[in-house]
Amino acid sequence: MHLSKIPNKRIGFSRIVCPVDMAPDSDEALRYAIALARDYSAKLFILHAVDDRKIVDLSERAQIKSVLENCVGKHMQFESSEEFDCSILLVEGEPVEAIVSRAAELSADLIVMRSQRRPKASALLGSTAEAVSRIAPCPVMVSHPNEQDWVGKTTKGELNRVLVAYDFSTDAELALAYGLSLAEEYQGELHLLHVLPERRNSETPELSRLPFTMDVTFQAAAARLNGMVPMEALAWCDLKQAIREGQPYREILNYAEEEGIDLICMGASGTGYGMRTLFGSNADRVLRQAPCPVLIARPLRPNIQAAKP
């Protein structure tokens, strides 16, 4: 069933996983995780992967947990004594596999991670956050250093502009559902962007400027895009729509820069995804270069046999 035909269906977050290591600034993802957990009344699980090739005794585990508790305290120091449901878990194994499997066991509906920008020379190696985004059992929100930050030091979220990259795929519909939920929660603008294949000698108008005589391709895309957002959402959401031509990831990044976007939502696998996997998908490229955090939407795939703690 199409999203716009499902009235009052709001996707939210109830169980958020935030992986943290001991690298400098790795705990910055906690600011986003804490803000989202509070605003959605969700339970937060802070994960740290322990190398299973090393013997980590009880005292070392206690020390790691103490460090992580201090990280939470650092981000909470400006806040009142508001109740906050949070658990710290140590998991063994290679980080990507441990994060993904534990998130499934916890029936997580969001993973919030920090990614360090890699130099171009090592871009093909990817990062832990990119690897998790490809195989996670739920959506993944990735933040980076030196980006537009919508959660301040007080862990108070001010999400003003959400961009949904929409290519009419199934995962794009999920991205739109999450974008709508976040725009509603924070009373922000929702920007809906569709990118057409590039043509030679053509300009790329925005949807609001499309003339009546514009060619059939633009008109068809504009008509489809207009029906994507439920009418009831317009009561609380300032909607902006645009159609551009070119490489999807470039146009998404350009639009985000131009409009001062705070969060990009996009599907994990859009149309034609499989053919581009070897050299990096649009999602990979946006993750590596985005001027703001990125939410990679994908269907929930929890471990239904695992008991919730």
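Me: Is R31 buried or exposed?
Reply: Happy to help! This is a predicted model, where local features need pLDDT of at least 70, side-chain atom pairs count only at pLDDT 80 or more, and totals for chains, interfaces and linings use all residues. Residues are numbered from 1 along each chain as its sequence is written, and side-chain values use heavy atoms, leaving out hydrogens and water. Buried means under 20% relative accessible area, exposed over 50%, and partly exposed in between (1.4 Å probe, protein chains only), so R31, at 3% relative accessibility, is buried.

Me: Which residue forms a salt bridge with R31?
Reply: A salt bridge puts a side-chain nitrogen of Lys or Arg within 4 Å of a carboxyl oxygen of Asp or Glu. Here the closest N and O atoms are 2.8 Å apart. The partner is buried too, with a relative accessible area of 9%, and R31 pairs with E28.

Me: How many residues apart are E130 and R288?
Reply: These two form a salt bridge, with 2.9 Å between the closest N and O atoms. The pair links distant parts of the chain, from helix α4 (residues 128–135) to helix α9 (residues 282–289) (helices are DSSP runs of H or I, at least four residues, and strands of E, at least two, numbered from the N terminus). E130 and R288 are separated by 158 residues.

Me: Which residues are linked with E130 in a network of salt bridges?
Reply: E130 is buried at 6% relative accessibility, while R288 is partly exposed at 25%. The network joins E130 with R134, D284 and R288.
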